[in-house]
Amino acid sequence: MKLVFATHNQNKFQEVKLLFPPYIELLSLTDIECFDEIPETEDTIEGNAILKVAYVKENYDLDCFADDTGLEVRYLNGKPGVHSARYAGAGNNAKANMLKLLKNLEGVEDRSAVFKTVIALSLKNKVHLFTGICEGKIISTQRGNNGFGYDPVFQPSGYNQTFAEITSEEKGKISHRGKAIRQLIAYFLK
Ligand code: IMP
């Protein structure tokens, strides 16, 4: 069967492709010649994941899945959440986003936060959702050079290192995205 992963991010695509059983032919947006920036205009992580698969279904009539991720900080009532990529303004400037987060948490004791990934799967006209959560806290200064986004300030529970101080293999075992993707794959294997 053919299945589209609605992403323009080739690193993400290759990483996920390796985990899929060989009888599923995974296609990227580039493979189906979709070069559009699919709108992410919903106000929830779930809503944006669903929006992306609905776009592919409507325009290409293909089975598809899409992911959306946000960092929810308890003291900030769940912000930046669905706006994680553009917390410091339009675009995805990871450094500026992190600095804004650290500023908003200056002197704050409760620094608990969760990363949440929702994967929407549109299969045979039905939509299924898979959610992966990783609990942790926001430390007060950046540490580590691996990963991307908020990784240098996010320390997962049970670890003394941030996501940016562990390898991508280690991160994949405990991360929000890793958990959501394993649920998606289990769905196809059952
Ligand atoms: P996306 O939905 O995967 O594009 O993620 C939205 C935003 O959340 C990204 O631009 C990053 O800033 C942040 N983000 C997502 N996943 C991670 C992660 O694993 N580590 C750090 N930041 C992340």
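This tour moves from the ligand to the pocket around it, in a model that is predicted.

Begin by selecting the ligand together with the protein residues around it, of which there are 14, and colour Thr-69, Asn-92, Asp-151, Lys-171 and Arg-177, since these come nearest. If you colour this shell by residue class, you will find 4 nonpolar, 5 polar and 5 charged residues. Next, show strand E3 (64-73) and helix H5 (176-189) as ribbons, each of which supplies at least two residues of that shell.

Now turn to individual polar contacts. Select Lys-12, where an N or O atom of the side chain is 3.0 Å from an oxygen atom of the ligand, and then Asp-68, where a polar side-chain atom lies 3.4 Å from a ligand oxygen atom. At Tyr-150, display the backbone rather than the side chain, for it is a polar backbone atom that is 3.1 Å from a nitrogen atom of the ligand. With the surface switched on, note that the protein covers 90% of the 470 Å² of accessible area that the ligand has on its own.

Widen the view to the largest pocket, whose space the ligand takes. This pocket holds about 1500 Å³ of space, and among its 50 lining residues Asn-9, Lys-12, Asp-67, Phe-148 and Arg-177 are the closest to its centre. The lining comprises 16 nonpolar, 20 polar and 14 charged residues.

Finally, select helix H1 (10-17), helix H2 (45-60), strand E3, helix H3 (94-104), helix H4 (168-174) and helix H5, each of which supplies at least two residues of the lining of the largest pocket.

Note on methods: Residues are numbered from 1 along each chain as its sequence is written. This is a predicted model: local features need pLDDT of at least 70, side-chain atom pairs count only at pLDDT 80 or more; totals for chains, interfaces and linings use all residues. Side-chain values use heavy atoms; hydrogens and water are left out. A residue is near a molecule or strand if one of its heavy atoms lies within 4 Å of it. A polar contact is a pair of N or O atoms within 3.5 Å; within protein, one must be able to donate a hydrogen and the other to accept it, and residues adjacent in sequence count only if both atoms are side-chain atoms. Accessible areas come from the Shrake-Rupley method with a 1.4 Å probe; for residues, only the protein chains shown count as cover. On a 1 Å grid over the protein atoms alone, a cavity is a set of points where a 1.4 Å probe fits but cannot get out, and a pocket is an open set with protein on both sides within 12 Å along at least five of seven lines; lining residues have an atom within 4 Å of a point. A molecule sits in a cavity or pocket if more than half of its atoms lie within 2 Å of its grid points. Helices (H or I, at least four residues) and strands (E, at least two) are DSSP runs, numbered from the N terminus. Ala, Val, Leu, Ile, Met, Phe, Trp, Tyr, Cys and Pro count as nonpolar, Asp, Glu, Lys and Arg as charged, and the others, Gly among them, as polar. Grid points are joined across faces, edges and corners, and a volume is the space filled by probe spheres set on the points.
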